[in-house]
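Visitor: Could you walk me through the ligand site here?

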Amino acid sequence: MPKFEYAPAPESRAIVSIKESYGLFIDGQFTPSADGPAFKTISPATEEVLAEVAEAGPADVDRAVTAARRAYENVWSRMPPIQRGKYLFRIARIVQERARELAVLESLDNGKPIRESRDVDIPLVAAHFFYHAGWADKLEYAGYGPVPKPLGVAGQVIPWNFPLLMLAWKIAPALACGNTVVLKPAETTPLTALTFAEICQQADLPPGVVNILTGAGDTGRALVTHPGIDKVAFTGSTEVGKEIARTCATQPHKKVTLELGGKAANIVFEDAPVDQAVEGIVNGIFFNQGHVCCAGSRLLVQESVYDQVLASLQRRLATLRLGDPLDKNTDVGAINSAAQLAKIRELSEAGEAEGARRWSPPCELPVKGFWFPPTVFTGVSQAHRIAREEIFGPVLSVLSFRTPAEAVEKANNTPYGLSAGVWTDKGSRILWMAERLRAGVVWANTFNKFDPSAPFGGYKESGYGREGGRHGLEAYLDV
Ligand code: NAP
Ligand code: MG
């Protein structure tokens with residue numbers, strides 16, 4: 001009998017080699033933390049320990065900021081912009097070459113389906129570096145002065161929901177404009193940021209231009225409060241964002257941008273193509289398990305099509321597959337951490353206690369790991385906690401409306417203002433709604449679409465500043 005040897009599927013665990021332990025990335029080298037503490041990062045789908053990672057303390061933050069300052073003064077800000085652009089192109093190319101490995105690592109560490117990390121996250125990471133590489137030598141032509149002035153050293157703190165993509169959103173524009181960076185990834189998802197540090201080495205990026213400090217909230221606090229930081233860029237919860245805004249107010253030399261939470265409305269009018277809208281509703285709230293700041297977590301449906309849309313949505317949800325993030329057929333992966341799972345459970349129980357009706361398609365949850373089924377609440381009132389608070393999980397709250405004015409009133413009835421979706425056949429209605437919705441992005445007949453050239457950011461308690469596009473550069477330049 002001939003024996004067939006099958007190579008591992010391109011997205012299998014076998015293509016990544018995870019080290020047992022990782023140091024901090026400072027001045028172009030991996031180094032232990034000064035005081036030696038470390039923490040473990042696990043796979044949320046299995047609770048398996050993936051690696052031990054160094055935890056940066058204040059002395060490490062100081063070392064990294066010093067290295068970044070030196071690289072800024074001596075190398076990066078003095079380099080001809082076209083050469084900076086070449087480094088960014090090189091990084092983008094290496095991200096493409098290592099895309100499958102990065103996708104597997106992201107799915108292992110974060111719990112998101114491989115289809116999403118492979119087809120959305122990592123391609124967007126590369127696109128972000130390509131896009132900003134193109135800007136590096138064109139800033140002066142875009143009106144940023146004959147000699148565009150970077151700000152200096154940026155301290156950047158990112159969350160766990162799109163680990164490498166949030167890193168790209170932060171690092172690519174900062175570097176294109178001539179700044180150097182010290183970045184802290186989230187405690188639960190450090191592995192792709194550490195692999196990105198290897199990519200910086202592979203690209204021969206001058207030491208100190210990019211520094212990666214792993215750790216938890218205390219590391220983040222030490223970083224953003226360090227006096228040697230000129231620019232703070234934060235993505236995360238509104239609560240921590242407020243703390244950062246307060247402390248940075250006492251250090252006015254720092255420029256601050258904040259990308260915070262959301263409670264977006266996805267609004268379906270009676271003239272919308274229902275099948276397309278249902279796909280958009282599913283994508284809006286179940287993409288990445290709903291761990292999306294701009295998730296369409298409040299569905300507003302016009303009364304005349306309410307029953308039809310809900311029936312169609314329930315049928316579609318019954319087809320979603322929940323399970324192993326590395327299985328290419330998986331639609332819904334694991335919840336990122338036990339703490340996040342507890343928060344989703346608590347808010348869902350509050351929804352029931354306040355009188356909303358809870359529904360999930362039949363689905364079996366794995367025994368190990370952190371899991372929550374796709375969940376829909378109907379009979380939701382605007383006063384309910386599940387209609388007001390960010391759940392950051394696969395939980396949809398459904399409300400109804402009669403008129404466009406009522407849709408606007410309900411959609412804007414939130415402290416947040418990051419995004420919104422409008423589903424209608426009428427072009428004029430899209431414009432009418434977009435003018436009135438208080439949200440940084442309004443999607444029309446689509447949802448969760450991203451492009452490096454499009455500015456992204458919030459109104460109200462969703463933060464300030466924009467990332468992406470020409471507007472995103474302004475956060476890293478003094479004109
Ligand atoms: P979080 O607690 O605010 O954490 C975000 C990051 O800040 C993490 O790296 C965290 O470290 C660090 N951190 C925690 N406390 C800090 C402090 N006092 N000073 C400086 N850094 C600190 O948010 P999360 O709960 O992990 O993430 C989910 C939240 O992020 C959601 O509310 C979501 O809406 C928001 N988010 C917003 C956007 C956007 O673009 N607007 C994008 C993604 C997520 P640890 O991980 O170690 O705690
Ligand atoms: Mg993890």
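Visitor: Which pocket does ligand 1 take up?
Guide: Pockets are sought on a 1 Å grid over the protein atoms alone, as open sets with protein on both sides within 12 Å along at least five of seven lines. A molecule sits in one if more than half of its atoms lie within 2 Å of its grid points. The space that ligand 1 fills is the largest pocket.

Visitor: What should I know about the model?
Guide: The model is predicted, with local features needing pLDDT of at least 70, side-chain atom pairs pLDDT 80 or more, and totals for chains, interfaces and linings using all residues. Side-chain values use heavy atoms, without hydrogens and water, residues are numbered from 1 along each chain as written, and chains are lettered from A and ligands numbered from 1 in written order.

Visitor: Which backbone has an N or O atom 2.6 Å from a nitrogen atom of ligand 1?
Guide: Polar contacts here are pairs of N or O atoms within 3.5 Å. The side chain of Ser237 has such an atom 2.6 Å from a ligand 1 oxygen. For the ligand nitrogen, the backbone partner is Leu260.

Terms used
A polar contact is a pair of N or O atoms within 3.5 Å; within protein, one must be able to donate a hydrogen and the other to accept it, and residues adjacent in sequence count only if both atoms are side-chain atoms. On a 1 Å grid over the protein atoms alone, a cavity is a set of points where a 1.4 Å probe fits but cannot get out, and a pocket is an open set with protein on both sides within 12 Å along at least five of seven lines; lining residues have an atom within 4 Å of a point.
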